[in-house]
Amino acid sequence: MSDDTIFALSTGGLPSAIAVLRMSGPQAGETVSTLAGALPAPRTASLRLLRDPGTGDPIDRALVLWFPGPETATGEDVAEFHIHGSRAVAARLRETLGAMAGLRAAEAGEFTRRAFLNGRMDLAAAEGLGDLLEAETEAQRRHALRVAEGGLGAKIGEWRDRLLGAEARLEAVLNFSDEGDVDEGDERFALELAESVQCEMQDMLDAPPAERLRDGVRVVLAGPPNVGKSTLFNALVAREAAIVSPTAGTTRDVIEAPVDMAGIPMVLCDTAGLRLAGDDIEEEGVRRARDLLNRADIVLWLGAAGEAPQHDRVIELAAKADIDSAERDEGVLALSAVSGVGMAALRDELVLMARNLLPGDGEYALNARHRDIVREAAVILTQAESGDWILLSETLRQARRVLDRLTGESGVEDMLDALFGRFCIGK
């Protein structure tokens, strides 16, 4: 498959002002010469008339760029055609390329997969790129870009280099112990290094997970019936997502809505009023509400002060300040979703609380695959013991080999299709 030259439209939906068609593979240069008459200077945009090689008919006047490998995004020869973004032009160019021997349409994520296979990015960076393509909030974008730029891979590489250095010093002791310049303190150095790396791994494991960044901080509105949960929910999501009625028990199921609040992804959840249910349907709604409370990242409690559920992050609210001016207990935020009183303060508190649940600048949120690998390596390093240099060296080697799976240097063949299948065709 790597001998094929692949092509795909890399820009969005048509029609558009400009469409970009990418090509990667050994026949990219020859194809440009065939369609455009000659290769342009490398990495220089050149205006050319593209012609069908079979009929000589003009296809479009386009900007053509030529990137000779291996210093390209995929590690192969790459070309780009910047054409007018009509459906007819794009279809004709793809049809022309598809009729040429050795060329075929790319599969989902195949450009990025070739970049990985040709050593232009590690697997962690490829995963970060996938997250960047799906990013919808500023927090998601910042973190995904750090990973896509190789930050997580660099940290893993640093751990591997330190472990490898300790292995080398132990090997010197094992193989050249009769030499006078061998330091017998190398075993202690290796043990201290294993402990240091293991502690850094544990710190990363204790950080917020990538799933929270990807799926959003879960904010659950809870309380008894008719306290203003659905009205507040609609105000926070800025649309009529939940039915508002003075009739108790109107909300009988969980209603969820994703929101971007100050660049932070959140999922707001409106729940059934907590009370003794009047029928089986409402009883199921109350059960789901209680279950969701146990899984909430943040709880907005709209009930009697002091009756809020036991939770690490609860914001107690009095939600009808426009019609109820009663004195509030200290720590209870009075607001009105109708008049807007207190809403800005609530959003500020939510953003502050949610930001502490997401990775900060310079931190990395590990996804499930990353956590499993880092956890496995950390457990191996906790088994490092003094007294047997051979076993200590093997412990360091095993931890290093486990880390190789995170960056894709070994043992990842079974998950590549799933990863690159997330990407669009032109990526």
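The exercises below concern packing and sheet arrangement in a predicted model.

**Exercise 1.** Determine which residues touch the most other members of the largest nonpolar core, and which elements supply it.

Solution. Step 1: the core has 31 residues, and those touching the most other members are Leu232, Met266, Ile298, Leu300, Leu346 and Leu350. Step 2: at least two core residues come from each of β7 (217–222), α9 (229–237), β8 (255–261), β9 (264–270), β10 (298–301), β11 (314–318) and α11 (343–355). Step 3: α11 provides the largest share, six residues. Step 4: leaving aside residues up to four places away in sequence, Ile298 has contacts that include Val217, Val219, Ile315, Leu350 and Met353. Step 5: a second core, of 30 residues, is separate; among its members are Val197, Met201, Leu366 and Leu381.

**Exercise 2.** Decide whether α9 is largely enclosed or not, and find what its buried residues pack against.

Solution. Step 1: count a residue as buried if its relative accessible area is under 20%. Step 2: by that criterion the buried residues of α9 are Lys229, Ser230, Leu232, Phe233, Asn234, Leu236 and Val237. Step 3: these are seven of the nine residues of α9, so the helix is largely enclosed by the rest of the structure. Step 4: the buried residues of α9 pack against β7, β8, β9, β10, β11 and α11. Step 5: just after the helix, Ala238 has a positive phi of about 60°.

**Exercise 3.** Work out the strand order of the six-stranded open sheet, its edges and the helices that pack on it.

Solution. Step 1: the order is β3-β4-β5-β2-β1-β6, and the pairing is mixed. Step 2: β3 (46–51) and β6 (103–105) each have a single partner strand, so one side of each lacks a neighbour in the sheet. Step 3: ignoring direction, neighbouring strands are turned by 30° against each other on average. Step 4: β2 (residues 16–24) pairs with β5 (residues 78–85) in the antiparallel sense over eight bridges, and Ser24 has Val78 of β5 as its bridge partner. Step 5: helix α1 (residues 28–36) touches β1 (5–9), β2, β3, β4 (58–67), β5 and β6, and its direction makes about 75° with that of β3. Step 6: helix α3 (residues 110–117) touches β1, β2 and β6, at about 135° to the direction of β1.

**Exercise 4.** State how many aromatic pairs the structure holds, and locate charges over rings.

Solution. Step 1: the number of aromatic pairs is zero. Step 2: the charged end of Arg22 sits over the ring of Phe111, 4.6 Å from its centre. Step 3: Arg146 lies over the face of Tyr364, 5.9 Å from the ring centre.

How values were computed. Residues are numbered from 1 along each chain as its sequence is written. This is a predicted model: local features need pLDDT of at least 70, side-chain atom pairs count only at pLDDT 80 or more; totals for chains, interfaces and linings use all residues. Side-chain values use heavy atoms; hydrogens and water are left out. A nonpolar core is a set of buried Ala, Val, Leu, Ile, Met, Phe, Trp, Tyr and Cys residues joined through side-chain atoms within 4.5 Å. Buried means under 20% relative accessible area, exposed over 50%, partly exposed in between (1.4 Å probe, protein chains only). Helices (H or I, at least four residues) and strands (E, at least two) are DSSP runs, numbered from the N terminus. Contact means heavy atoms within 4.5 Å. Rings of Phe, Tyr and Trp (its six-membered ring) pair if their centres lie within 6.5 Å; planes under 30 degrees apart count as stacked, over 60 as edge-to-face and the rest as tilted. A charge sits over a ring if NZ of Lys or CZ of Arg is within 6 Å of the ring centre and within 35 degrees of the ring normal. Two strands pair if DSSP finds at least two bridges between them. Axes are lines fitted to C-alpha atoms, for helices over the stretch in contact, and angles run from 0 to 180 degrees between N-to-C directions.
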